[in-house]
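Me: Hi! I have a protein model open and could use some company while I look around. Can we go through it together?

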Amino acid sequence: MSVIKVAILGFGTVGEGVYRTIQSHAQEFTAVLGKKVEVVAILVKNIQKERNIREDVLLTTNFQEILRLPQLDVVIEAIVDKEPTFTYLKQAIGKGCHIITANKEMFAHHGKELLDLAKENGVSVGYEATVAGGIPVIQTLRQLLNINRVSQIQGILNGTSNFILSEMREKKQSFAESLRQAQAKGYAEADPTNDIEGFDAFYKAMILSRIAFGEEPDWQTVERQGITAITSELIEAAEKLKLRFKHVASISKEDEQIIASVKPILVGDENPFYHVEGAENAVNVHSDIVGRITLQGPGAGMYPTASAMIEDLVYVCQSKLNSRQNIKKTADWRGQIRKQKDYWLLQGFVEKTKHPEITWLDEVTDSIFIIEAGKEDLKGLLGRQPEICYFQILGDENLPILNKPTATVI
Ligand SMILES: NC(=O)c1ccc[n+]([C@@H]2O[C@H](COP(=O)([O-])OP(=O)(O)OC[C@H]3O[C@@H](n4cnc5c(N)ncnc54)[C@H](OP(=O)(O)O)[C@@H]3O)[C@@H](O)[C@H]2O)c1
């Protein structure tokens with residue numbers, strides 16, 4: 001029986017999970033592919049570390065040694081940072097290998113170049129693990145995009161932020177204490193900037209935009225806000241209104257333009273994101289035929305991420321992973337998003353009489369308000385009072401909060 005030879009770059013949480021899964025699911029690979037899958041090499045940084053790896057596997061710190069192997073079919077990448085990863089993957093493609101990556105920061109920056117290079121070289125790129133860990137969002141989009149027109153994707157894409165917001169609400173803890181809990185549980189890194197300032201979710205959103213719409217918005221135009229402005233007071237006010245804060249990345253196509261944002265928003269219990277708690281991720285895909293699909297599951301971790309990578313392994317071996325470069329042509333249509341009224345929670349001392357264009361719906365405390373306003377009107381208000389904090393409430397006029405007797409027009 002012929003063999004598919006695989007190298008794994010990195011043997012940390014993800015790399016080790018992939019290695020173990022390839023051993024534990026050997027029979028399934030053979031049944032699906034009709035070939036054995038064999039890990040022939042592993043790249044690490046520190047060769048001295050104790051690791052549980054078969055002796056016949058080449059363990060090295062030198063990627064060129066791996067490239068010199070007489071047969072190498074797939075390179076699975078689970079290291080960190082943009083470089084040397086990007087260089088290694090270009091070299092692997094040049095050698096005729098399929099590549100699979102979990103590295104969202106590198107892929108958000110260099111994914112297009114890798115996909116183009118792979119196309120030129122007749123190989124495939126798997127990147128399911130770059131977005132929402134174990135949730136098969138990229139595969140779902142690929143399948144939907146055959147005929148459906150995707151108009152909007154929204155996602156809770158960063159488990160650490162979601163965990164912190166859940167802890168703050170459930171345990172009535174401060175942001176700082178909840179962040180410490182996330183670090184103690186291994187969800188947040190010692191430097192949590194990427195997670196709590198929204199960079200991680202931003203990279204994932206850009207990857208989703210490319211697959212759904214064939215292009216990305218200009219990165220400079222994307223509104224990116226982390227969760228550091230969310231205070232216990234705000235969480236408590238939202239609770240009173242039966243709303244929850246969620247950190248949501250949103251990408252849509254409107255009038256030929258990609259609009260994207262990554263920011264905290266408020267959702268009511270009719271929204272699937274309301275019940276997404278802890279380190280879970282969730283993604284809503286809106287498309288014209290099927291409507292809304294919600295996918296929810298573990299966004300990170302050894303086996304969920306390995307699951308995404310080994311499913312990619314099957315697909316690249318079956319050469320089913322086609323680049324979606326042609327999506328732009330086929331999905332070149334006007335966004336179909338229903339324009340809905342926008343509702344906002346404002347925090348700050350707002351001088352209402354100065355803003356006659358705004359409909360004031362509720363006064364939760366003397367500094368927290370619910371309003372209805374178009375984006376332009378809100379911009380006008382912020383222009384006059386830039387110190388005001390604002391959060392969008394996702395939903396429409398059916399939101400329970402807006403029909404409650406307390407939600408009287410002020
Ligand atoms: N952890 C998750 O749940 C998760 C989920 C989705 C995506 N990802 C992405 O997957 C990638 C790996 O994450 P991880 O959590 O597995 O990281 P990790 O536990 O820190 O492991 C990183 C591995 O890469 C090796 N490495 C780092 N730099 C290297 C270099 N320049 N050359 C060779 N080897 C190098 C390290 O070698 P040593 O062992 O010798 O130090 C280590 O084995 C990251 O891009 C991450 O964003 C992670």
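Reply: Sure, we can start with the whole chain and then look at single residues. Keep in mind that this is a predicted model.

Me: OK, how many helices and strands are there in the chain?

Reply: The chain has 15 helices and 16 strands. Its radius of gyration is 23 Å, close to the 22 Å that the globule rule gives for 410 residues, so the chain is as compact as a globular protein of that length.

Me: And what does the C-alpha trace span along its principal axes?

Reply: About 75 × 45 × 35 Å.

Me: What percentage of the residues count as buried?

Reply: Of the 410 residues, 54% do. The chain exposes about 18400 Å², with carbon and sulfur atoms supplying 48% of that area.

Me: Switching topic: which domains does UniProt list?

Reply: An unreviewed UniProt entry has "Aspartate/homoserine dehydrogenase NAD-binding" as a domain covering residues 10-127. It also gives "Homoserine dehydrogenase catalytic" for residues 136-314. In the model, the span 10-127 is 45% helix and 18% strand, while the span 136-314 is 40% helix and 27% strand.

Me: I clicked on Ala 306. Is it buried or exposed?

Reply: Buried: its relative accessibility is 0%. Ala 306 sits in helix α12, which runs over residues 302-317.

Me: Which residues does Ala 306 touch, apart from its neighbours within four places in sequence?

Reply: Ala 306 is in contact with Gly 17, Val 18 and Thr 21. Lys 379 is another story: its C-alpha is 44 Å from that of Ala 306, with the two positions 73 residues apart in sequence.

Me: Now the backbone. Where is there a cis peptide bond?

Reply: From Glu 83 to Pro 84, with omega near 10 degrees. Pro 84 lies in the loop between β4 (74-77) and α4 (85-94). As background, most peptide bonds are trans.

Me: What else is in that loop between β4 and α4?

Reply: Asp 81 is found there too. Asp 81 is not a glycine, yet its phi is positive, about 75 degrees. In general, most residues other than glycine have a negative phi. Asp 81 counts as partly exposed, at 48% relative accessibility.

Me: And what is phi for Lys 242?

Reply: Near 60 degrees, again a positive value in a residue other than glycine. Lys 242 belongs to the loop between α11 (232-240) and β9 (243-254).

Me: Why does Lys 242 count as exposed?

Reply: Because its relative accessibility is 56%, and exposed means over 50%.

Definitions and conventions
Residues numbered from 1 in each chain as written. Predicted model: local features only at pLDDT ≥ 70, side-chain atom pairs only at ≥ 80, totals over all residues. Heavy atoms only, no water. Helix = DSSP H or I, 4+ residues; strand = E, 2+ residues; numbered from the N terminus. Rg over C-alpha atoms; globule rule 2.2 N^0.38 Å. Buried < 20%, exposed > 50% of the residue type's maximum accessible area, 1.4 Å probe, protein only. Areas by Shrake-Rupley, 256 points an atom, 1.4 Å probe, with all protein chains shown as cover. UniProt positions renumbered as here; feature names shortened; annotations may be inferred. Contact = heavy atoms within 4.5 Å.
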